[in-house]
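Here are my notes on the structure you sent, set out as numbered points. I begin with one turn, then move to the sheet and its strands, and end with the aromatic side chains.

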Amino acid sequence: MNGAVHPEEAELLASGRRWRGPADGTGRHLQGCAECQERLAEIERRLPTRAPEAPAPSWRTFAASVRVRRRRIIRSWAVVAAAVLGVLVLLPKLGPTTAPWGYDVALMWVNGQGTTLSPVSASGGRVRLHIDRSTGWAHLVGVGLPALAPGQVYEVWWIRGTRHLPAGVFVPSGNGSASLWMQSPDHFTAVVAVGITREPAPGTTQPSGPRQYAGRLVARPD
């Protein structure tokens, strides 16, 4: 069939695999052209072997895989929740032994009350106190506190009328900041105010220096 116009490879393949209808002219050409028959055979040899089709998985297998993924997700969230709870419970315990931890910390920040201690004779600084009467814990934070003379401490007092009960002592850092956990053994019963004085280290049983900061506590509602 010299001089004949031969079909393109794609047309030969379509005709050879009967992707064309009975009216396909390429098919008729292929039947009478030995050259195109050889070309088609070469095309077929170059094509990769078709992989067998895998059957669709059963619904039981699919449902089981979904349950496995769901359990993995639940376990992952459980690990995250356990890690968060561990931070809440254990992190305060890693600090000073006089600090609360675990459930007491959560109760304090949810149920507690805050008050600001104003400067009395101090030259500046801010003191904020957060107490929780249900646990008896209190947390004091100071910012910009004046530096102390060597051998001095700031001492915190629970005030009941005219009585002053020692609550804790602290020395601010170089930038005037302070953080102190304290506890009232009787959960602030009859405590109406809080004061801070300068005292000789390591603290005294009664105030001896001038009051530096003071603030009132809101009475427990009946």
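1. How many residues lie between E2 and E3 in their hairpin, and which residue in the turn has a positive phi? This is a predicted model, and in it the hairpin of E2 and E3 has 4 residues between the two strands, with Gly 136 in the turn at a positive phi of about 80 degrees.

2. The two arms of that hairpin, strand E2 (residues 126–132) and E3, are paired in the antiparallel sense over 7 bridges. Across this pairing, Arg 128 has Val 141 of E3 standing opposite.

3. The hairpin belongs to an open sheet of 8 strands with antiparallel pairing, and the order across the sheet is E5-E4-E7-E8-E1-E2-E3-E6. Strand E5 (163–170) and strand E6 (178–183) are found at the edges, where each has a single partner strand, so one side of each lacks a neighbour in the sheet. Direction ignored, neighbouring strands of this sheet are turned by 25 degrees against each other on average.

4. Strand E3 deserves a separate point. This strand (residues 137–143) is mostly covered, with 5 of its 7 residues buried. Besides its pairing with E2 over 7 bridges, E3 is joined to E6 by 6 bridges, the two strands running antiparallel. In this second pairing, Leu 140 has Leu 180 in E6 as its bridge partner.

5. His 139 is also found in strand E3. With a relative accessibility of 12%, which is under the 20% cut-off, His 139 counts as buried. The side chain of His 139 makes a polar contact, at 2.9 Å, with the side chain of Ser 179.

6. Elsewhere in the sheet, strand E1 (residues 113–119) is joined by 2 bridges to strand E8 (residues 211–216), and these two strands run antiparallel. Pro 119 has Tyr 213 in E8 as its bridge partner, and Tyr 213 returns in the aromatic cluster of the last point.

7. The aromatic side chains give a count of 4 aromatic pairs. For the rings of Tyr 154 and Phe 170, the centres are 5.4 Å apart and the planes stand at 25 degrees, which is under the 30 degrees required, so this pair is stacked. Tyr 154 lies in strand E4 (residues 152–160) and Phe 170 in strand E5, so that the pair links distant parts of the chain, 16 residues apart. Both residues are buried, Tyr 154 with a relative accessible area of 1% and Phe 170 at 8% relative accessibility.

8. Is the pair of Trp 158 and Phe 188 stacked or edge-to-face? The ring centres of Trp 158 and Phe 188 are 5.0 Å apart and the planes are at 80 degrees, so the pair is edge-to-face. Because Trp 158 lies in strand E4 while Phe 188 lies in the loop between E6 and strand E7 (193–200), this pair ties together parts that are 30 residues apart in sequence. Trp 158 is buried, with a relative accessible area of 3%, and Phe 188 is buried as well, with a relative accessible area of 1%.

9. Finally, Tyr 154, Phe 170 and Tyr 213 form one aromatic cluster. Within this cluster, Tyr 154 and Phe 170 are the stacked pair described above, while Tyr 213 is the residue of E8 that has Pro 119 as its bridge partner.

Key
Residues are numbered from 1 along each chain as its sequence is written. This is a predicted model: local features need pLDDT of at least 70, side-chain atom pairs count only at pLDDT 80 or more; totals for chains, interfaces and linings use all residues. Side-chain values use heavy atoms; hydrogens and water are left out. Two strands pair if DSSP finds at least two bridges between them. Axes are lines fitted to C-alpha atoms, for helices over the stretch in contact, and angles run from 0 to 180 degrees between N-to-C directions. Rings of Phe, Tyr and Trp (its six-membered ring) pair if their centres lie within 6.5 Å; planes under 30 degrees apart count as stacked, over 60 as edge-to-face and the rest as tilted. Buried means under 20% relative accessible area, exposed over 50%, partly exposed in between (1.4 Å probe, protein chains only). A polar contact is a pair of N or O atoms within 3.5 Å; within protein, one must be able to donate a hydrogen and the other to accept it, and residues adjacent in sequence count only if both atoms are side-chain atoms.
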